[in-house]
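Got the model open in your viewer? Show side chains as sticks, keep the cartoon on, and follow along from one selection to the next.

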Amino acid sequence: NITPPPPRRSLISGFGDALSTYYEARTCWENPKALTMCEARPTATGFAIGEKSAQMLYDNALASLKAVDAKKPDDSLEMVVEANTLLSGIGFESGGLAASHAVAQALSWVHSVHDNHLHGEMVSFGLLTMLCMEDTMGLPGRKEEMQKVGEFLQKVGLPITWEQVHFDSSSQADWDTFIKVALQQWFCHNEPFSVTADIIKAAFTRADEFGRSLKDKHGDAPYQAIHKKK
């Protein structure tokens with residue numbers, strides 16, 4: 001084995017970013033007007049790499065965390081490191097970004113979020129928001145994917161509620177900043193429908209409601225294991 005055990009939280013944060021690679025690439029692939037970060041149409045290879053990245057995480061993420069905890073690198077850890085770095089990197093460049101990363105970028109402008117979270121943790125909630133948005137707008141299969149993605153995020157300890165991502169919904173200033181910055185991200189408009197402030201707010205709210213239902217059902221022990229107070 002050539003992969004040393006990485007910091008646990010950093011590895012899990014990478015899961016959020018790498019998982020989103022597939023779902024954003026799929027959105028761009030399905031929308032003939034969407035462009036990648038290279039301002040070109042997504043490639044079939046980029047889309048396939050994104051899909052492979054997600055599958056490697058679904059198959060290996062939980063086992064890889066056991067390997068990290070045991071400080072014994074194994075094949076599962078090798079697989080998720082490859083997904084987090086190589087496949088996610090190539091996949092987002094060649095497959096494209098969409099609302100998931102727009103939400104993550106916007107969250108990074110909210111001080112309470114920025115001061116407490118890594119990029120992939122913000123992307124994980126962005127992904128949940130994007131799937132809620134796409135389901136509301138009638139894109140097929142998204143409701144089932146919300147369940148699959150949400151349960152994965154909960155199991156590995158990534159944020160699935162406003163409280164977990166440290167977003168203060170009582171702050172109008174934070175709302176204004178969040179929505180403004182999300183809409184300013186050009187790739188937010190890679191979605192196959194017109195994205196508005198109302199659509200973002202509704203999807204972001206629905207993601208929190210869905211996440212809270214998962215938390216009520218499954219608990220939040222994996223999240224607390226990462227964010228427990230010292």
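Start by selecting R142: with a relative accessibility of 2%, this arginine counts as buried. This is a predicted model, so keep that in mind at every stop. Now add E134, and you'll see the two side chains meet in a salt bridge, 2.8 Å from N to O. Buried or exposed, which is E134? Buried, as its relative accessibility is 0%. Bring in E30 too, since E30, E134 and R142 are linked in a network of salt bridges.

Stay in the area and pick D135 and K143. They form another salt bridge, with the closest N and O atoms 3.3 Å apart. D135 counts as buried at 16% relative accessibility, whereas K143 is partly exposed at 47%.

Next, select residues 142-156, which make up helix α7, and find E145 in it. E145 is buried, with a relative accessible area of 16%. What does the side chain of E145 join up with through a polar contact? That would be the side chain of R26, at 2.7 Å. If you ignore neighbours within four places in sequence, E145 is in contact with Y23, R26, L131 and G150.

For one more salt bridge, go to D69 and R8, where the closest N and O atoms are 2.8 Å apart. D69 sits in helix α2 (residues 44-70) and R8 in helix α1, so this pair ties together parts that are 61 residues apart in sequence. Both ends are partly exposed: D69 has a relative accessible area of 47%, and R8 has 29%. Across the whole structure, a search finds nine salt bridges.

Time to switch to the nonpolar side chains. The largest nonpolar core has 67 residues, and the members touching the most others are F15, L19, L107, F167, F178 and F204. Colour helix α6 (residues 119-136) as well: this helix gives the most to the core, with nine residues. Then zoom in on F178. Beyond its neighbours within four places in sequence, F178 is in contact with V103, A106, L107, V110, F167, I200 and F204.

Some of those contacts lead to helix α4, so select residues 99-107; eight of the nine residues here are buried, so the helix is largely enclosed by the rest of the structure. Which residues of α4 are buried? They are A99, S100, H101, A102, V103, A104, A106 and L107. To see what surrounds them, show α1 (8-30), α5 (111-114), α6, α8 (162-165), α9 (172-184) and α10 (197-218), which the buried residues of α4 pack against.

Finally, zoom out to the full chain. Its secondary structure comes to 11 helices and zero strands. The radius of gyration is 17 Å, close to the 17 Å that the globule rule gives for 230 residues, so the chain is as compact as a globular protein of that length. Line up the principal axes and the C-alpha atoms fill a box of roughly 50 × 40 × 30 Å. Of the 230 residues, 52% count as buried. Want a contact map alongside? Among contacts with a separation of 6 or more, 78% come from residues 24 or more positions apart. Last, turn on the surface: the chain exposes about 10,500 Å², with carbon and sulfur atoms supplying 55% of it.

Notes:
Residues numbered from 1 in each chain as written. Predicted model: local features only at pLDDT ≥ 70, side-chain atom pairs only at ≥ 80, totals over all residues. Heavy atoms only, no water. Helix = DSSP H or I, 4+ residues; strand = E, 2+ residues; numbered from the N terminus. Buried < 20%, exposed > 50% of the residue type's maximum accessible area, 1.4 Å probe, protein only. Polar contact = N/O pair within 3.5 Å; in protein donor to acceptor, adjacent residues only side chain to side chain. Contact = heavy atoms within 4.5 Å. Core = buried A, V, L, I, M, F, W, Y, C linked by side-chain atoms within 4.5 Å. Rg over C-alpha atoms; globule rule 2.2 N^0.38 Å. Areas by Shrake-Rupley, 256 points an atom, 1.4 Å probe, with all protein chains shown as cover. Salt bridge = Lys/Arg side-chain N within 4 Å of Asp/Glu carboxyl O.
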